[in-house]
Amino acid sequence: MSPAPTGSAPTDQAPGRNSGGTTTLVVHVENKAGVLARVAGLFARRGFNIESLAVAPTASGRFSRLTIVVGVDAAPMEQVVKQLDKLVNVVDIQELNPSASVERELMMVTLRADPSVRGQILDLVRVFQATVLNVGYEEIMVSLTGSPSRVDDFEALLRPYGIVDVQRTGKVALAKLVKTAPESLAP
Amino acid sequence: MNMNGGQALMKALENEGVDIMFGLPGGAILPVYDPLLDSSIRHVLVRHEQGAGHMAEGFAHATGRPGVAMVTSGPAATNIVTPLCDAYMDSVPMVVITGQVPYAAIGTDAFQECDTTGITMSVTKHNYLVTEAADIPQVIHDAFHIATTGRPGPVLVDIPKDIVDPNNPRSAMEWHTPDGHDLPGYRPNTAGDAELIRQAAKLICEAERPVLYTGGGILKSRGAKALLELAELTGIHVVTTLMNRGGFPDDHPLCLGMPGMHGNYTAVTAMQEADLLVALGARFDDRVTGKVAEFAPLAKIIHVDIDGAELGKVRQPDVAIQGDCRVVTEELVKVLREMGGGEAQPDRNQWRSRISGWQERFPLTYAHSQEDELLKPQFVLEHLRDATPDDTIVASGVGQHQMWTSQYWKFNHPYTWVNSGGLGTMGFAIPAAIGAKAGRPDRMVWAVDGDGCFQMTAQELVTAATEGFPIKVALINNSYLGMVRQWQEMFYGERYSEVYLTRDVPDYKLWAEALGCTGLRVESPEEVGPAIAQANEIDDRPVVVEFRCEAGENVFPMVPAGMSNSDVVVDPSQRDRPR
Ligand SMILES: Cc1ncc(C[n+]2csc(CCOP(=O)(O)OP(=O)(O)O)c2C)c(N)n1
Ligand SMILES: [Mg+2]
């Protein structure tokens with residue numbers, strides 16, 4: 001969706017905005033040197049903080065897909081999207097509505113885990129269907145892929161054990177698929 | 001055809017129709033200056049790279065064609081940042097070529113290296129760092145396309161030395177003529193939505209107090225004729241912003257002239273009282289709207305702009321049409337004709353008589369100088385206006401003299417007003433006038449400059465003198481950074497801080513002569529006419545006429561910054577009149 005000009009006032013509840021005051025933008029750009037700087041620079045110039053950013057080339061390699069989460073108040077976001085759309089290397093922008101998309105994030109975390117508490121941690125790993133990546137005498141490294149809120153929960157439960165190092169990827173997202181069958185196939 | 005990157009660059013520029021460029025060589029761009037000798041393109045050697053940029057802008061303002069500047073890396077690239085920003089703010093089509101250190105040296109803090117594309121990213125419509133000689137033809141073709149289509153703007157192309165240096169194998173390439181553009185993220189939309197245009201036409205036919213609020217987009221889209229048709233068909237009055245002076249003739253009965261901070265009372269007030277503003281290629285700049293929350297409070301808004309990001313940026317329109325101003329205006333005229341043309345317009349006699357009442361009560365005015373006073377700048381400008389051909393091109397600096405020029409000149413032709421609106425760049429006038437003269441050698445070109453501005457770019461008069469651009473400069477010497485002085489007088493209790501420039505130093509007449517110009521000095525009203533006549537006669541060199549003016553003169557009307565347009569301060573002689 002290219003942002004189409006509209007005659008209506010910007011609403012407080014534009015798509016992609018959730019209660020936490022963040023917006024998720026999926027931006028397709030030409031996969032060229034410096035394009036990320038152009039996009040990031042635009043956010044900086046308009047005074048927006050990027051909360052997370054995930055970048056990877058799309059299947060053809062010619063384009064990259066950026067998933068950008070920004071904390072934002074409603075009105076100026078429309079302006080940022082329009083300014084973003086003006087960048088020559090930006091091909092297309094979607095504002096993702098959290099209720100209409102599937103979101104995933106990967107977290108890797110290293111914890112203090114001396115033998116006395118290791119069992120408790122492994123219980124949590126089982127409950128969350130997380131993965132043990134590496135085990136040391138006093139530390140353990142685990143990973144979890146899930147919705148950002150599930151990853152938040154997992155991180156919160158691990159925190160009391162002592163997080164040594166944590167890296168989250170920032171979320172990536174795709175639009176949910178259509179569930180209804182086309183008319184012609186209706187039983 | 002085998003060639004090197006430098007030759008390819010010149011060929012690519014020639015293919016874009018470039019016949020003149022402005023620049024100054026140096027280490028990194030040096031290899032390109034060699035094939036320049038064999039090119040059909042005329043190069044104008046400037047004295048400072050800022051001059052090259054403003055000349056390219058002046059050329060573009062006067063001709064509508066993209067201006068081209070070429071400079072070296074590092075300090076030269078940073079010197080041209082101001083014109084790039086100026087062109088970005090005023091949507092001026094321009095292509096700037098900068099030299100860069102060899103590709104392998106980028107990032108090593110090499111001699112005269114700077115991150116040119118990084119520095120200019122936020123002041124260009126787009127920029128390129130070319131990495132391979134073979135890319136040059138396509139990049140130049142794309143650069144001109146981007147600079148001149150959609151909302152025009154500056155594009156910078158940064159070229160590492162190795163890919164244009166014949167002594168470097170990386171410069172070897174085979175010429176190929178580009179076949180179109182492959183820019184998947186750049187698709188300017190020119191045609192407006194037909195349904196929205198119908199809605200706009202309907203609003204126009206319902207409006208009792210409509211005003212056409214026309215901006216630089218009219219000139220950029222070559223839409224002056226379409227605007228004239230729209231105004232005459234509907235009988236709606238037109239305000240022309242600072243960027244659209246000349247886009248609608250000042251001598252037309254429907255023309256209200258310039259709105260905004262120093263606009264005339266009628267233009268400002270008509271917008272304030274309007275029930276419909278039709279914004280054509282205008283961007284609701286703070287210098288036009290005053291306090292936004294109180295701007296045109298009763299008006300519905302139709303907003304036409306090729307740049308979708310302008311729609312709703314400042315004021316939410318009732319009908320927002322993304323499209324080329326000329327194309328949309330022409331469509332609007334067509335639809336309005338179908339709806340009955342002039343017949344379908346309501347009776348607006350009452351509105352018309354309110355407008356003419358304002359015009360009678362609050363014309364532009366100033367107090368003529370007394371015996372012991374120096375010249376009034378307004379007096380000088382009235383004389384200059386009346387003593388020059390109707391199609392004279394006028395370039396101005398930034399300050400009081402700029403506002404007086406826009407107020408007192410009669411712009412009756414498009415592309416006769418060259419000025420720095422959005423950025424407000426002091427020093428713009430002289431190089432921009434040179435660029436305009438380069439583009440329109442058939443026209444008389446006057447620069448109206450302030451004494452402060454003049455001192456910023458006067459060295460380009462050497463360029464004018466040596467390259468044969470006989471521009472004329474009216475130097476409004478009020479001994480002050482006048483516009484700043486006016487603000488200190490009005491808003492800082494007459495506490496004058498760092499605004500006095502001195503009247504006699506420099507000696508402008510001698511300086512002009514040292515720069516290769518004829519220098520004249522005028523101190524009394526009787527000398528004004530003869531000096532202008534003398535300047536108009538001189539066609540073999542630039543002329544500088546210094547007009548010694550009153551220091552204390554202020555620009556009125558004025559809407560103080562941040563105030564509502566309803567609080568416009570008029571000339572002291574008009575303050576007791578009923579509004
Ligand atoms: C490069 C730059 N520096 C500073 C300013 C701020 N400024 C705006 S108008 C002005 C005074 C200009 O003086 P002068 O050229 O003498 O014009 P006057 O107002 O006296 O007509 C200044 C300093 C500016 N616009 N541009
Ligand atoms: Mg001055």
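A residue counts as buried when its relative accessible area is under 20%. With that cut-off in mind, open the model, which is a predicted one, and begin at a single threonine in chain B.

**First stop: B:Thr416**

Select B:Thr416, which sits in the loop between H16 and strand S16 (417-418) of chain B. Its relative accessibility is 2%, and because this is under the cut-off of 20%, B:Thr416 counts as buried. Now display the side chain of B:Thr416, where a polar atom lies 2.7 Å from the backbone oxygen of B:His413. If residues up to four places away in sequence are set aside, B:Thr416 touches B:Asp391, B:Thr392, B:Ile393, B:Val394, B:Phe411 and B:Arg443, and showing these six as sticks gives the surroundings of the threonine.

**Second stop: ligand 1**

Next, select ligand 1 together with its shell of 16 residues, among which the closest are B:Gln400, B:His401, B:Asp451, B:Cys453 and B:Gly482. Colouring the shell by residue type will separate 7 nonpolar, 8 polar and 1 charged residues.

Which backbone atoms should be labelled around the oxygen and nitrogen atoms of ligand 1? At B:Gln400, a polar backbone atom is 2.8 Å from an oxygen atom of the ligand, and at B:Tyr480 a backbone N or O atom lies 2.9 Å from an oxygen atom of ligand 1. A nitrogen atom of the ligand, in turn, lies 3.4 Å from a backbone N or O atom of B:Met426. Switching to a surface view, one finds that the protein covers 76% of the 590 Å² of accessible area that ligand 1 has on its own. To see which elements contribute two or more residues to this shell, colour helix H16 (400-408), helix H18 (451-457) and helix H20 (482-491) of chain B.

**Third stop: the domains of chain B**

Zoom out and colour chain B by its domain assignment, which gives domain 1 (2-174), domain 2 (194-361) and domain 3 (377-548). Between domain 2 of chain B and domain 3 of chain B, the C-alpha centres lie 31 Å apart, and the contact between them takes 16 residues from domain 2 and 18 residues from domain 3.

**Fourth stop: B:Ser524**

Select B:Ser524, in the loop between strand S19 (518-522) and helix H22 (525-537) of chain B. Is this serine buried or exposed? At 19% relative accessibility, B:Ser524 counts as buried, because the value is under 20%. A distance drawn from the C-alpha atom of B:Ser524 to that of B:Met563, 39 residues apart along the chain, should read 37 Å.

**Last stop: chain A**

Finally, show chain A as a cartoon and follow its 4 helices and 9 strands, which succeed one another along the sequence in the pattern β-α-β-β-α-β-β-α-β-β-α-β-β. Colour domain 1 (22-96) and domain 2 (102-173) of chain A separately; their centres, taken over C-alpha atoms, are separated by 29 Å, and 9 residues of domain 1 are in contact with 6 residues of domain 2.

How many of the 187 residues of chain A, as a percentage, count as buried? The share is 39%. Among the contacts in chain A with a separation of 6 or more, 72% are accounted for by residues 24 or more positions apart. With the surface displayed, the accessible area of chain A comes to about 10,000 Å², and 56% of this belongs to carbon and sulfur atoms.

Key. Residues are numbered from 1 along each chain as its sequence is written. Chains are lettered from A and ligands numbered from 1 in the order in which they are written. This is a predicted model: local features need pLDDT of at least 70, side-chain atom pairs count only at pLDDT 80 or more; totals for chains, interfaces and linings use all residues. Side-chain values use heavy atoms; hydrogens and water are left out. A residue is near a molecule or strand if one of its heavy atoms lies within 4 Å of it. A polar contact is a pair of N or O atoms within 3.5 Å; within protein, one must be able to donate a hydrogen and the other to accept it, and residues adjacent in sequence count only if both atoms are side-chain atoms. Accessible areas come from the Shrake-Rupley method with a 1.4 Å probe; for residues, only the protein chains shown count as cover. Ala, Val, Leu, Ile, Met, Phe, Trp, Tyr, Cys and Pro count as nonpolar, Asp, Glu, Lys and Arg as charged, and the others, Gly among them, as polar. Buried means under 20% relative accessible area, exposed over 50%, partly exposed in between (1.4 Å probe, protein chains only). Contact means heavy atoms within 4.5 Å. Domain bounds come from an automatic or database domain assignment.
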